[in-house]
Amino acid sequence: MDRQGLVVKEQSGFFWVEVDEGTIYMCRLRGKLREDAQASDIAAIGDRVQITAFEDLTGVVEAVEERHSVISRALRTEGSRGAGSPEREHVIIANADQALFVFAAAQPPPSLKLLDRFLVVGEKSGISDLIIVINKIDLADRAETEERFAPYITLGYPVIYTSALERIGVDALTDRLRGKISVFTGPSGVGKSSLLNAVEPGLGRAVKSVSGFSEEGVHTTRDSELVKLAVGGYLADTPGIRTLNIWDVEPEELDAYFREIAPYVRECRFRDCHHRQEPGCAVRRAVVAGSIHRSRYRSYVSLREELEEAYAIS
Ligand SMILES: Nc1nc2c(ncn2[C@@H]2O[C@H](COP(=O)(O)OP(=O)(O)OP(=O)(O)O)[C@@H](O)[C@H]2O)c(=O)[nH]1
Ligand SMILES: [Mg+2]
Ligand SMILES: [Zn+2]
């Protein structure tokens with residue numbers, strides 16, 4: 001029988017596909033698709049797929065629908081570094097509707113540079129809604145914190161203030177998650193697990209891979225899952241989210257992922273302007289004029305330097 005469904009789990013080449021009424025079929029890929037999977041993951045959690053479903057709850061993935069967003073990373077194939085090194089695209093999650101980046105108002109103090117890194121990854125992925133969650137608001141002055149994040153609201157990034165401890169903003173967060181496929185990540189210790197437990201008891205324990213930017217885990221083979229929420233919707237739980245980073249962004253494309261910088265780039269005198277020392281730089285003019293926030297510009301410059309270094313040694 002032909003069915004449409006959502007890939008909710010992936011493990012060692014098998015895909016668990018949930019169809020409309022909630023039945024899950026354990027599927028493998030049709031051979032033709034497996035050939036295409038050499039260069040990139042043809043199916044991943046979040047993919048909408050067509051399957052042939054059998055009575056024993058197994059199935060075969062016949063086709064994968066076009067994705068509207070994708071978080072992926074390029075994996076350099078072992079032993080092929082250097083010129084023309086073939087890369088394989090590992091898809092961490094397809095079709096996420098939104099990404100929520102969690103920081104603490106204090107303990108640990110929020111790093112705007114780290115936040116800007118997350119936003120770059122989000123912009124590159126094509127995920128339309130990038131949301132900032134500021135937890136532990138009970139530990140900081142509310143007005144001061146709101147002032148610090150106001151520039152992000154101007155850029156179109158919603159900010160939700162929460163306290164898992166005092167249950168502030170938990171309903172607003174729950175509303176955001178309802179019915180969507182969400183990526184939920186942030187640095188260690190900001191209260192991600194506590195927040196998820198406030199949304200739904202036990203959820204923080206069920207979802208383990210929500211810490212961003214850890215160095216470990218690149219080669220872990222642990223499975224990837226969409227964890228179903230009681231309010232409807234899913235949270236992505238995949239080791240890939242722990243290694244979310246911007247190393248797949250090329251230095252020259254970085255400016256495109258800063259919403260407020262991108263529109264000025266075409267007005268720079270030089271086409272390959274780095275927006276640092278070059279004369280006639282429209283981006284730096286906009287910083288001086290106050291149309292680009294200094295802290296965002298500082299993040300851009302610092303990330304650009306990091307990327308240039310990373311590309312120079314690889
Ligand atoms: N004051 C205060 N403390 C909080 C709040 N949320 C979490 N905490 C505390 O912050 C610490 C870290 O919380 P976790 O929920 O484990 O943080 P996490 O982001 O999941 O951390 P990792 O799993 O290491 O990535 C714990 O001691 C929590 O009790 C909050 O809203 N206010
Ligand atoms: Mg945690
Ligand atoms: Zn410039």
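Here is a short tour of the structure above, which is a predicted model.

**The chain as a whole**

Let's start with the big picture. The protein chain is built from ten helices and 13 strands. Its radius of gyration is 21 Å, close to the 20 Å that the globule rule gives for 314 residues, so the chain is as compact as a globular protein of that length. Laid along its principal axes, the C-alpha trace spans about 65 × 55 × 30 Å.

**Domains**

The domain assignment splits the protein chain into domain 1 (2-64), domain 2 (93-242) and domain 3 (251-313). The centres of domain 1 and domain 2, taken over C-alpha atoms, sit 28 Å apart. Where these two domains touch, nine residues of domain 1 are in contact with eleven residues of domain 2. On the domain 1 side, strand β1 (residues 2-11) gives the largest share, four residues. Sorted by class, that side of domain 1 has three nonpolar, two polar and four charged residues.

**Around the ligand**

Now for ligand 1. It is surrounded by 15 residues, and the closest are Ser-188, Gly-191, Lys-192, Ser-193 and Ser-194. Helix α5 supplies the largest share of this shell, three residues. By class, the shell around ligand 1 has four nonpolar, eight polar and three charged residues.

**Helix α5 and its partner**

Helix α5 (residues 192-199) also packs against helix α4 (residues 170-177), at an angle of about 85° and with the axes 9 Å apart. Since angles of 65 to 115 degrees count as roughly perpendicular, α4 is roughly perpendicular to α5. On the α4 side, the contact is made by Val-170, Leu-173, Thr-174 and Leu-177, while α5 brings in Leu-195, Ala-198 and Val-199. By class, this contact has six nonpolar residues, one polar residue and no charged ones.

Here are the class counts side by side.

| Site | Nonpolar | Polar | Charged |
|---|---|---|---|
| Contact of α4 with α5 | six residues | one residue | no residues |
| Shell around ligand 1 | four residues | eight residues | three residues |
| Side of domain 1 that touches domain 2 | three residues | two residues | four residues |

**Two backbone details**

A couple of spots in the loops are worth a look. Which peptide bond is cis, with omega near 0°? That is the bond from Gln-107 to Pro-108. Pro-108 itself is found in the loop between β8 (98-104) and α2 (112-125). The other spot is Ser-12, which has a positive phi of about 40° although it is not a glycine. Ser-12 lies in the loop between β1 and β2 (14-19).

Definitions and conventions
Residues are numbered from 1 along each chain as its sequence is written. Chains are lettered from A and ligands numbered from 1 in the order in which they are written. This is a predicted model: local features need pLDDT of at least 70, side-chain atom pairs count only at pLDDT 80 or more; totals for chains, interfaces and linings use all residues. Axes are lines fitted to C-alpha atoms, for helices over the stretch in contact, and angles run from 0 to 180 degrees between N-to-C directions. Helices (H or I, at least four residues) and strands (E, at least two) are DSSP runs, numbered from the N terminus. Angles under 35 degrees count as roughly parallel, over 145 as roughly antiparallel, 65 to 115 as roughly perpendicular and the rest as oblique. Two residues are in contact if their C-beta atoms, placed from the backbone, lie within 7 Å. Ala, Val, Leu, Ile, Met, Phe, Trp, Tyr, Cys and Pro count as nonpolar, Asp, Glu, Lys and Arg as charged, and the others, Gly among them, as polar. A residue is near a molecule or strand if its C-beta atom, placed from the backbone, lies within 6 Å of it. Domain bounds come from an automatic or database domain assignment. The radius of gyration is taken over C-alpha atoms; the globule rule is 2.2 Å times the number of residues to the power 0.38.
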